[in-house]
Amino acid sequence: MEQTLSIIKPDGVRKNIIGDVIRRFESRGLTVIAMRMLQMTKQEAQGFYAVHKERPFFDSLTDFMSSGPVVVMVLEGPDAIALNRKIMGATNYEEAEEGTIRKDFASSIESNVVHGSDAPETAKTEIAYFFSSLDIMA
């Protein structure tokens, strides 16, 4: 079993599609083993996305991610990272496959509803950013 972090971004929360997003994960075999809603400060968003600090979109991304509540989750299942990324769809929603979360709900590359870890090492770091081991019901 593998674990990954998933975030329903502020645009997904504002669109009131939290249940739709979670349903898509669960219906494909992923289990939510930790979840909470929070609003990141700009500094917390900068810490989470520190890997992108030198990228031109860093300031815009961290402004967006701290603009409203998000839902952070730990998902578990066989090949959870790859499966989560398949369910989410391509970062650019215009290139995402039909039926993916981003194709169905995103409105821009930044406002693309969800975030998901891209590798096992990233998943461990990202999960630890939001959850302690006591929070995870694995």
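Which strands does helix α5 (residues 80-88) lie across, and at about what angle does it run to β1? I began with this point, keeping in mind that I was reading a predicted model, and I found that α5 lies across β1, β3 and β4, while its direction makes an angle of about 30 degrees with that of β1.

Next I looked up the sheet to which these strands belong. I noted an open sheet of 4 strands, antiparallel in its pairing, with the order β2-β3-β1-β4. The edges are taken by β2 (31-38) and β4, and because each of them has a single partner strand, one side of each is left without a neighbour in the sheet. On average, and with direction ignored, neighbouring strands of this sheet are turned by 20 degrees against each other.

I then followed one pairing in detail, that of strand β1 (residues 2-8) with strand β3 (residues 70-77), which is antiparallel and extends over 7 bridges. For Glu-2 I looked up the bridge partner in β3 and found Gly-77.

My last entry concerns His-115, which the unreviewed UniProt entry lists under "active site". I located His-115 in strand β4 (residues 114-116), which is one of the two edge strands. I also asked myself whether His-115 is buried or exposed. His-115 counts as buried because its relative accessible area is 12%, under the 20% cut-off.

Leaving aside neighbours within four places in sequence, I listed the contacts of His-115 as Leu-5, Ser-6, Ile-7, Lys-9, Phe-48, Tyr-49, Met-88, Arg-102 and Glu-126. Among them, Leu-5, Ser-6 and Ile-7 fall within β1 (residues 2-8), and Met-88 falls within α5 (residues 80-88).

Notes:
Residues numbered from 1 in each chain as written. Predicted model: local features only at pLDDT ≥ 70, side-chain atom pairs only at ≥ 80, totals over all residues. Heavy atoms only, no water. UniProt positions renumbered as here; feature names shortened; annotations may be inferred. Buried < 20%, exposed > 50% of the residue type's maximum accessible area, 1.4 Å probe, protein only. Contact = heavy atoms within 4.5 Å. Pairing = 2+ DSSP bridges. Axes fitted to C-alpha atoms, helices over the stretch in contact; angles between N-to-C directions.
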